[in-house]
Protein chains: 2
Amino acid sequence: METDEFLKLENQLCFPLYAASRLVTKCYQPVLDEMGLTYPQYLVLLVLWEKDSVNLSVLSGKLQLQSNTLTPLLKRMQEMDLVNRVRSDQDERSIIISLTEKGQLLKSGVPEMQSRLANNIGITQEEGQVLHSLLYKLIENLKV
Amino acid sequence: METDEFLKLENQLCFPLYAASRLVTKCYQPVLDEMGLTYPQYLVLLVLWEKDSVNLSVLSGKLQLQSNTLTPLLKRMQEMDLVNRVRSDQDERSIIISLTEKGQLLKSGVPEMQSRLANNIGITQEEGQVLHSLLYKLIENLKV
DNA sequence: TACGATTATATCGTGTACGATACAAATGTA
DNA sequence: TACATTTGTATCGTACACGATATAATCGTA
């Protein structure tokens with residue numbers, strides 16, 4: 001490739017990552033709107049549905065989001081009565097995030113929602129798996 | 001896969017996309033900081049270095065960002081003397097974005113910056129190409 | 001057991017993103 | 001040529017992201 005070719009937007013890896021991420025999020029939006037959730041809030045619920053009652057640093061590690069992003073986000077989710085935020089007894093620096101009943105109940109609607117979305121992204125299951133593993137390879141290399 | 005498996009964060013495609021995108025951006029940040037740029041501002045420059053003097057709707061289409069994101073972003077870039085924003089003579093609704101001399105000059109430092117970054121993402125060139133084409137397939141399916 | 005370092009979270013400021021909406025210029029058409 | 005429609009940007013409000021910084025609780029260790 002010519003030197004100049006490397007400067008083209010379309011030849012970058014960073015841009016399609018950025019664009020695809022936002023487009024996929026946008027694709028989720030209408031369905032999430034029905035549940036009154038934003039996309040990062042949905043990700044928090046995915047973590048909690050898998051393992052309830054985790055502290056902020058665990059959530060932070062799983063989502064790769066820092067406390068300055070998660071704290072206000074979780075406060076909003078607390079106001080919506082989706083999660084509880086309680087100081088740990090063992091370590092009073094720690095905040096334990098747990099699901100409320102309302103937060104639990106949202107889980108039941110998600111499989112149907114996911115199947116509705118899965119058919120819309122226009123790639124095969126195999127391509128999805130390749131994409132998945134390459135993205136995780138990237139993530140493992142870049143995080144920390 | 002069990003129904004519950006689909007609900008795990010790690011089995012989603014949306015999350016690794018979102019996380020990888022942010023991690024790659026963060027990887028660019030130190031180098032962009034030296035140039036005084038944010039990541040979306042760098043993307044705007046990539047478009048303009050390839051083709052100078054485009055109107056906002058073209059930029060909007062290429063970056064898949066709307067006017068409510070681009071307008072304030074471009075105003076900041078104008079204040080930094082990186083771009084000019086001029087109303088078109090032919091169509092007074094249109095805003096033409098062009099590079100200032102300062103914006104032009106930044107281009108020269110980029111190839112070196114890109115090669116510095118390329119070695120850090122930890123995937124092979126072939127994997128990068130596969131990732132690239134899958135992401136574009138996703139983008140083409142999802143946009144509009 | 002003092003006390004400096006570390007850890008866990010929160011606060012602040014800046015810059016995106018984006019839905020909803022506004023508005024002026026251009027266009028189509030009766 | 002009026003005037004409804006469309007097009008191209010801009011404005012407003014809300015919610016992330018994240019660097020820098022603050023603060024309180026805990027830990028390590030001399």
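Begin with chains A and B selected together: a turn of 180 degrees and a shift of 0.0 Å along the axis lay chain B on chain A with an RMSD of 0.0 Å, the superposition being by least squares on the C-alpha atoms of residues with pLDDT of at least 70 in both copies. The two copies are thus related as by a two-fold rotation axis. The same surface serves both copies, since 100% of the contact residues of chain B recur in chain A. The model is predicted, and local features need pLDDT of at least 70, side-chain atom pairs count only at pLDDT 80 or more, and totals for chains, interfaces and linings use all residues. Residues are numbered from 1 along each chain as its sequence is written, chains are lettered from A and ligands numbered from 1 in the order in which they are written, and side-chain values use heavy atoms, with hydrogens and water left out.

**The interface of chains A and B**

Select next the residues of each chain that touch the other. Here 58 residues of chain B are in contact with 58 residues of chain A, contact meaning heavy atoms within 4.5 Å. Between them the chains bury about 5,700 Å², 70% of it on carbon and sulfur atoms; buried area is the accessible area (1.4 Å probe) that two parts lose on being put together, summed over both.

Within this interface, display the side chains of Lys137(B) and Glu127(A), which meet in a salt bridge at 2.7 Å, N to O. The count between the two chains is 3 salt bridges, each a side-chain nitrogen of Lys or Arg within 4 Å of a carboxyl oxygen of Asp or Glu. There are also 16 residue pairs in polar contact across the interface, both residues at pLDDT 80 or more. A polar contact is a pair of N or O atoms within 3.5 Å; within protein, one must be able to donate a hydrogen and the other to accept it, and residues adjacent in sequence count only if both atoms are side-chain atoms.

Colour chain B by element. On its side that touches chain A, two or more residues each come from α1 (14-35), α2 (39-50), α3 (56-63), α6 (110-118) and α7 (125-142), where helices (H or I, at least four residues) and strands (E, at least two) are DSSP runs numbered from the N terminus. α1(B) gives the most, with 14 residues.

**DNA strand C**

Move to DNA strand C. Of the 28 residues around this strand, Tyr18(A), Ser57(A), Thr71(A), Arg85(A) and Asn68(B) come nearest; a residue is near a strand if one of its heavy atoms lies within 4 Å of it. Sugar and phosphate account for 70% of the atoms of strand C that come within 4 Å of the protein.

Which polar backbone atoms should be displayed beside phosphate oxygens of strand C? One belongs to Ile95(A), at 2.7 Å; another belongs to Glu92(B), at 3.0 Å, and Leu56(A) has one at 3.3 Å.

**DNA strand D**

Finally, select DNA strand D. Among the 28 residues around it, Asn68(A), Tyr18(B), Asn68(B), Thr71(B) and Arg85(B) come nearest. Sugar and phosphate make up 68% of the atoms of strand D that come within 4 Å of the protein.

Display Arg22(B): an N or O atom in its side chain is 3.0 Å from a phosphate oxygen of strand D. A backbone N or O atom of Leu56(B) lies 3.4 Å from a phosphate oxygen of this strand. At Ser67(B), the partner is a base nitrogen of strand D, 2.8 Å from a polar side-chain atom.
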